[in-house]
Amino acid sequence: MSGATATDSTGGSALTPPPGAETPVRHPDAPEPGTPLGSHYEQCFGCGEAQSHGLHLEARAGEGVGVTAEFTVRPAHQGAPGLAHGGVLVSALDETLGSVQWLLRTIAVTGRLETEFVRPVPVGTTLHLRAHCTGVSGRKIYSSAEGRIGSPDGPVAVRARAVFVEVQLEHFTKNGRPEEIKAALDNPDQHKVVRAFEVNP
Ligand SMILES: CCCCC/C=C\C/C=C\C/C=C\C/C=C\CCCC(=O)SCCNC(=O)CCNC(=O)[C@H](O)C(C)(C)COP(=O)(O)OP(=O)(O)OC[C@H]1O[C@@H](n2cnc3c(N)ncnc32)[C@H](O)[C@@H]1OP(=O)(O)O
């Protein structure tokens, strides 16, 4: 195959902001740089504190429309002996990229996510991730991320680019299993998260 640009049925380059895309703007009420973002849902595999085998990824607001995050690889996250499963690393990237929404105050879901695995990541490693928004075009939010081993300046282990697509709260309430939706809507902490995104539950 020639060319380095992925194309698809949406036309053009799938993961690069199209010509005319807007420069992302940090929301005026976005948390200050360094502020922990917390979990958007306690059962989230990526950030939920109640998800025992989850990643327990902890993200913080960064500069501009960016975030930083850490995730420590545990034995439950293995693919090969002593190494993180690639899909788990993609989840960590997805979660970090998704956390950029806290800076935009937009609710969006992953439409497309491309990952480059640069180095194996041993169990016990703390992966230092960072992600930032690269452009906004209509409902499409473009972003990129990287994860480094051991420290924010450590060797790069993973890189990713993604397109998230903005959705309304109904995306979850209409499509999620009713038991979990009811429990989430009954949880005052969930209401706080939704309010932070300026949408009515
Ligand atoms: C009650 C509980 C509430 C809980 C939530 C509350 C708050 C959450 C708040 C914050 C979250 C904070 C942090 C989040 C952290 C991590 C999150 C992890 C994220 C995930 O892990 S999330 C799971 C995986 N994800 C999915 O489960 C998506 C499944 N999928 C769909 O639900 C639809 O497929 C959808 C919605 C994507 C599109 O459907 P649609 O009908 O709305 O879109 P439509 O066709 O109108 O397209 C509109 C424009 O998007 C372009 N477009 C469409 N699809 C595209 C694609 N795939 N790639 C690139 N571009 C795409 C079109 O080309 C068009 O572009 P254009 O306007 O330029 O033509």
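This is a dialogue between a student and a tutor about a predicted model.

Student: Why is H40 called buried?

Tutor: The cut-off for a buried residue is 20 or more other C-beta atoms within 10 Å, and because H40 has 21 C-beta neighbours inside 10 Å, H40 counts as buried. The residue belongs to the segment before β1, and its C-alpha atom is 9.4 Å from that of K192, although the two are 152 residues apart in sequence.

Student: What makes a residue part of the shell around the ligand, and which residues are the closest?

Tutor: The criterion is a C-beta atom, placed from the backbone, within 6 Å of the molecule; 29 residues surround the ligand, and the closest are H40, G98, V109, G111 and V165. Two or more residues come from each of the elements α1 (86–99), β3 (108–117), β6 (156–166), α3 (170–175), α4 (178–185) and α5 (188–196). Sorted by class, the shell holds 13 nonpolar, eleven polar and five charged residues.

Student: How do you know that α1 has the span expected of a helix?

Tutor: The expected span is 1.5 Å times one less than the number of residues, so the 14 residues of α1 should span 20 Å, and the computed distance between the end C-alpha atoms is 20 Å, which agrees.

Student: Why is α1 described as largely enclosed by the rest of the structure?

Tutor: The description follows because eleven of its 14 residues are buried; these are V88, L89, S91, A92, L93, D94, E95, T96, L97, G98 and S99.

Student: What makes β1 and β3 the edge strands of the sheet?

Tutor: Six strands form an open sheet in the order β1-β2-β4-β5-β6-β3, with antiparallel pairing, and β1 and β3 are the edge strands in that each pairs on one side only. Neighbouring strands of this sheet are turned against each other by 20 degrees on average, direction ignored.

Student: How do you know that β6 pairs with β3, and how many bridges join β5 to β6?

Tutor: Pairing requires at least two bridges between two strands, and nine bridges join β3 to β6, which run antiparallel; L113, for instance, has A162 in β6 as its bridge partner. Nine bridges also join strand β5 (residues 140–149) to β6, again in antiparallel fashion, and there A145 has A160 in β6 as its bridge partner. β5 and β6 form a hairpin with six residues between them, and G150 in the turn has a positive phi of about 85 degrees.

Student: How do you know that β1 pairs with β2?

Tutor: Set against the requirement of at least two bridges, the four bridges that join β1 to strand β2 (residues 66–72) suffice, and these strands run antiparallel. A59 has A69 in β2 as its bridge partner, while R60 stands opposite T68 in β2. The two strands form a hairpin with four residues between them, where G64 in the turn has a positive phi of about 60 degrees. Strand β1 (residues 58–61) also has a covered face, A59 and A61, and an uncovered one, E58 and R60.

Student: What does UniProt list for residues 82–149?

Tutor: The UniProt record, an unreviewed entry, lists these residues as "domain: Thioesterase". In the model, the end C-alpha atoms of residues 82–149 lie 15 Å apart, and the span is 26% helix and 47% strand.

Key. Residues are numbered from 1 along each chain as its sequence is written. This is a predicted model: local features need pLDDT of at least 70, side-chain atom pairs count only at pLDDT 80 or more; totals for chains, interfaces and linings use all residues. Ala, Val, Leu, Ile, Met, Phe, Trp, Tyr, Cys and Pro count as nonpolar, Asp, Glu, Lys and Arg as charged, and the others, Gly among them, as polar. UniProt positions are given in the numbering used here, feature names are shortened, and annotations may be inferred rather than shown by experiment. A residue is buried if 20 or more other C-beta atoms lie within 10 Å of its own, exposed if 12 or fewer, and partly exposed in between; C-beta atoms are placed from the backbone. Axes are lines fitted to C-alpha atoms, for helices over the stretch in contact, and angles run from 0 to 180 degrees between N-to-C directions.
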